[in-house]
Amino acid sequence: MYLFSEFQVFPFFILMVLWAVGGWLISARLFDLKPVERHLVGFSLGLILSNWLSNLLTRILPMPFAFWASALIVLGGGILLAWPMRKDLRLMLSFSWGQWLAFALLAFFFTLINRGLAMLDDYAHLPLVSIMGAGNIPPQFPLDRNINFGYHYFLLLLGAQYMRVAGAAPWVALDLARGLTMTLFFLLAGLLAYWITDQPMAQVWGTFFAALAGGSRWLLLLLPPSIVSAISASLHLLGSTGQNGATLASLINGPWLIDGSGPVPFPFAFVSGINNPSNMALSGTGLFPFLIVVTLVLTAPRIRHRLAWLIISILLAALPLANEVVFGMLGFGLGLAILFWSIRNRSLRFPPSLRNWILVFVVSGFVAAFQGGMLTEIARGLLFKNPAAQSSYYDVGFRLVWPPTIVSAHLGSLSLIQPLQLLMALLEIGPVFLVFPLLLVRGWKQLSGENWLEAGVLFSGLVSFAAFFIEYSGTGGVRETVRLSGYFLMPATIYAVPLVWLYIQKKRQAFHILALTGALITVLSGIVLLSVQLYAMSKPVVSYYMNDLDAKAYQKYWNRLPSNAMVFDPDSGRAVTIFGRYTNTSDSWYSDKPEYTALVQAPDPYAVRAAGYDYMYYNYFYWLANKKFLAIETSCDETACAILENGRALLGSTVASQMDIHARYGGVFPEVASRQHVLSIIPVVEETLSKAHLTLNDIDAIAVTRGPGLAGSLVVGMNAAKGLALGTGLPLIGVNHLEGHLYSAWVHIAGESIPEEPQFPLMALLVSGGHSELNLMTDHLTYKRLGSTLDDAAGEAFDKVARLLGLPYPGGPSVQRAAEDGDPMRFNFPRAWLEGTWNFSFSGIKTAVLRESKEYQTKGRSMPVPDLAASFQAAVVDVLFNKTMRAAREFGAKEIIVAGGVSANRVLRQTFQNQKEFKVHIPPLWLCTDNAAMIGAAGYYRLALGHTSQLDMDVQPTWPLS
């Protein structure tokens with residue numbers, strides 16, 4: 001399994017054993033837990049305590065010693081508490097194989113999912129993990145070490161532990177940390193359901209619900225389009241959602257396009273801007289803050305020793321490092337609990353148990369003000385208001401709003417007094433909000449038993465309702481309001497199963513049916529999103545902005561440069577991740593400094609060094625920016641030359657066609673073709689340079705078609721390209737003609753609007769006179785051939801049918817013109833679907849046309865050429881279109897490319913363009929037939945990935961795409 005090869009399993013396992021045993025002993029001695037609860041609660045305690053201690057010890061001890069010392073302190077503390085090992089303690093430490101097996105399998109499962117995804121601010125979290133792994137705890141802003149960065153980095157700190165202890169790369173370490181904490185949260189939520197109901201089945205449902213409960217935006221799919229359009233018209237899309245489409249109505253049936261989302265996009269209807277399911281908690285905090293809260297809820301009411309208060313204090317101090325908003329909400333919730341207790345008892349004389357909790361919160365808040373994170377930055381701002389002091393990344397601010405609104409990270413501010421927007425808000429939240437009255441009832445009951453912590457958790461949801469009247473106005477924008485308004489969903493999610501279970505157990509069957517229906521509506525989004533996540537498991541990624549070469553650079557250079565070294569990289573976050581060193585490029589994750597932008601646009605090494613950078617790290621794509629490629633194509637009967645800039649912008653193109661010469665033969669005559677190439681090649685190159693207003697001195701590389709094609713024709717172009725490369729000293733790149741056809745989708749005319757670049761993975765249909773094949777492109781120059789023609793190619797079939805029908809050469813355009821006046825339904829020609837494969841076969845269709853034409857000739861009747869042409873064309877297009885669409889769905893393609901000479905066929909183009917399921921890239925007509933622009937585009941990407949050719953390169957007349 002690839003995962004186990006990405007880190008050192010033995011130290012990783014030993015570290016977790018130290019946490020587990022230490023936390024286990026602590027939980028058994030200090031808390032009155034049930035046997036079924038001690039294992040996972042103890043592991044959670046050990047994990048949180050050790051991670052919190054690491055945050056302190058890394059400031060005085062070297063890494064990774066500080067991490068091992070933290071784990072050993074937890075283990076040592078547990079042993080001291082347990083000693084001497086009395087009989088009752090040994091009984092409490094009974095081992096539960098079932099729980100640990102479930103934990104191991106789920107942690108492995110969710111880690112694999114995380115390894116296949118790189119979404120939700122991966123560009124920010126990987127640099128932070130790398131910087132912290134290199135010893136910078138607490139971290140400054142990675143893109144400017146002079147900016148204090150008050151961030152909730154508790155999960156990232158766990159990733160840093162895995163980097164230094166288990167040798168995991170940042171992207172692996174963060175995935176391990178997320179997978180572990182997600183699994184613990186889900187299982188502890190199930191234990192909470194078991195604790196409240198004493199029902200094992202409630203534990204199973206509690207785990208399931210905590211993992212998958214989310215919003216119900218998908219219910220829009222069941223509403224009339226007119227209502228969806230009315231809701232859509234009142235919304236303002238935020239962030240990347242606005243880049244996906246103009247309106248909600250246009251997005252609801254499509255994908256949620258977000259960077260790093262894996263091989264199959266998530267359906268937009270099943271995500272939420274307020275209440276995404278927990279299995280989608282892929283941010284920098286993950287589920288760690290809620291894991292701490294559930295651990296507190298399970299331990300705080302069952303304290304059996306005074307030392308337990310120290311553990312509770314540490315858990316609370318760790319909470320703002322995981323998420324300061326959750327800590328603040330819990331504090332306000334405890335304040336509401338105190339207020340309600342005073343009202344209920346009509347007294348301000350608080351019991352001793354409450355004084356303990358007030359003291360614990362004060363102590364943990366004091367520690368939080370100095371341990372790092374957002375609260376430390378707030379405290380720094382209050383205590384040191386010196387204009388010359390080091391600046392802080394985050395500005396915190398709020399503004400009052402009216403009418404009351406709830407903010408969706410996708411759909412913007414939703415007014416609660418406008419019926420349509422209120423409906424949208426309820427769909428974004430999902431049915432889980434109906435549990436809220438049960439939370440308040442239980443919270444009120446907890447006051448009787450003076451269970452202050454749980455009452456605070458249950459009442460904290462009330463505090464988030466204040467967010468209906470305020471919006472966050474600090475760093476991050478209004479979307480950050482979701483952290484406040486959506487907070488009440490956390491206690492609702494973890495308490496929903498046990499509280500509804502207790503509520504309906506003595507009710508009529510109708511209540512049971514309603515509860516089950518509500519639960520299914522709530523978890524459907526999570527189930528659908530989980531099914532999409534499964535596709536990512538087998539395809540691990542580094543990140544969407546890094547590749548395998550970057551990973552190799554990381555293995556060689558991470559944390560090996562001088563501690564104060566800076567690396568210049570046009571993608572600044574990438575360099576920080578790879579080398580573990582700060583840079584000086586940006587004021588925020590979204591805004592680069594002008595001086596850095598100027599360097600990126602003109603990367604003069606002397607200027608880069610003068611700006612303080614010690615090293616440069618870049619890829620070929622960056623260094624080849626504005627480079628000009630001269631390309632030559634002579635694979636068949638077209639002598640073509642083109643000049644491209646940046647691999648896409650066409651500066652000049654010339655094509656000398658031999659069509660009129662070969663028309664008299666009814667096809668290409670090889671010897672004639674090669675002789676014509678000899679006569680045309682030099683004039684064509686000279687004319688292209690003239691069109692582009694360039695000379696050979698302006699050219700940076702030479703690309704040429706190496707094959708497949710007619711050997712004699714290929715040799716002419718190859719020798720011309722070699723002569724140019726030899727005379728100028730420029731790099732030479734041999735290009736596969738079929739690859740060129742695919743890369744025609746990247747070409748545009750310089751100065752005109754730039755079309756969107758195709759997004760991988762792509763399903764590429766290549767249809768020409770000699771080839772008909774389906775290829776899955778997962779990246780540049782990375783192809784997997786799924787199927788090809790078993791006999792005639794589509795273009796070949798068009799030529800042969802044209803001859804059968806007496807139409808002139810070339811057959812493709814002739815058949816299309818004849819078909820314009822024909823009935824495509826008159827003849828039902830056979831479709832060779834070749835079920836179980838992605839191959840094509842067109843000889844049967846050709847034979848059927850032959851049979852029909854001979855029947856007319858035998859009977860002396862005039863052939864209905866238009867109808868025969870139209871019916872033949874419809875059959876070919878039907879097979880090409882349907883097999884391509886099925887393959888795109890099957891292999892998780894994001895978009896489709898249709899290229900090659902046959903892609904010029906009008907019916908084929910319209911059929912693909914009329915479907916709405918996939919974005920389709922079809923080159924303009926002048927790029928469908930043989931041309932040199934496509935060879936230049938493919939050559940650019942070959943050189944960008946380090947592929948060059950030698951002067952002794954030979955042609956390859958039969959060269960498959962691979």
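**Close-up 1. The second largest cavity has a lining of four nonpolar, one polar and two charged residues.** This is a predicted model, and the view looks at a space of about 30 Å³. The residues around this second largest cavity are Asn114, Leu117, Ala118, Met119, Asp122, Arg178 and Leu282. If you go through the whole structure for cavities of 30 Å³ or more, you come away with two, and the other one gets its own view next.

**Close-up 2. The largest cavity holds about 50 Å³ of space.** Here the lining is made up of Arg115, Leu117, Ala118, Asp122, Leu126, Trp171, Leu174, Asp175, Arg178, Val541 and Val542. Sort those residues by class and you get seven nonpolar, four charged and no polar ones. Two helices, H6 (122-133) and H8 (170-197), each put at least two residues into the lining of the largest cavity. Of the contributors, H8 gives the most, with four residues. Some names may ring a bell from the previous view: Leu117, Ala118, Asp122 and Arg178 line the largest cavity, and they also turn up in the lining of the second largest cavity.

**Close-up 3. The second largest pocket has a volume of about 1300 Å³.** It takes 44 residues to line this pocket, and those closest to its centre are Gly769, Asp799, Tyr809, Gly901 and Asp930. As for the chemistry of the lining, 17 residues are nonpolar, 19 are polar and eight are charged.

**Close-up 4. One strand and several helices help line the second largest pocket.** The strand is E16 (649-657), and the helices are H32 (737-743), H33 (794-804), H34 (811-819) and H38 (925-928); each of these elements supplies at least two lining residues. Which helix provides the largest share of the lining? That would be H33, with six residues. Asp799, one of the residues closest to the pocket centre, falls within the 794-804 span of H33.

**Close-up 5. Met63 and Pro64 are joined by a cis peptide bond.** Omega for this bond is about -5 degrees. To find the spot, look at the loop that runs between helix H2 (35-57) and helix H3 (65-82), where Pro64 sits.

**Close-up 6. A cis peptide bond also leads from Phe760 to Pro761.** Omega is near -5 degrees in this case. The setting is a loop between two strands: Pro761 lies between E19 (748-749) and E20 (762-767).

**Close-up 7. Arg346 has a positive phi without being a glycine.** The phi value is about 50 degrees. Arg346 belongs to the loop between helix H15 (324-345) and helix H16 (352-371). Is this residue buried or exposed? Arg346 counts as exposed because its relative accessible area is 80%, and the cut-off for that label is over 50%.

**Close-up 8. Glu450 is another residue other than glycine with a positive phi.** Its phi is near 55 degrees. You'll find Glu450 in the loop between helix H19 (436-448) and helix H20 (452-464). The relative accessibility of Glu450 is 33%, so this residue is classed as partly exposed.

Note on methods:
Residues are numbered from 1 along each chain as its sequence is written. This is a predicted model: local features need pLDDT of at least 70, side-chain atom pairs count only at pLDDT 80 or more; totals for chains, interfaces and linings use all residues. Side-chain values use heavy atoms; hydrogens and water are left out. On a 1 Å grid over the protein atoms alone, a cavity is a set of points where a 1.4 Å probe fits but cannot get out, and a pocket is an open set with protein on both sides within 12 Å along at least five of seven lines; lining residues have an atom within 4 Å of a point. Grid points are joined across faces, edges and corners, and a volume is the space filled by probe spheres set on the points. Ala, Val, Leu, Ile, Met, Phe, Trp, Tyr, Cys and Pro count as nonpolar, Asp, Glu, Lys and Arg as charged, and the others, Gly among them, as polar. Buried means under 20% relative accessible area, exposed over 50%, partly exposed in between (1.4 Å probe, protein chains only).
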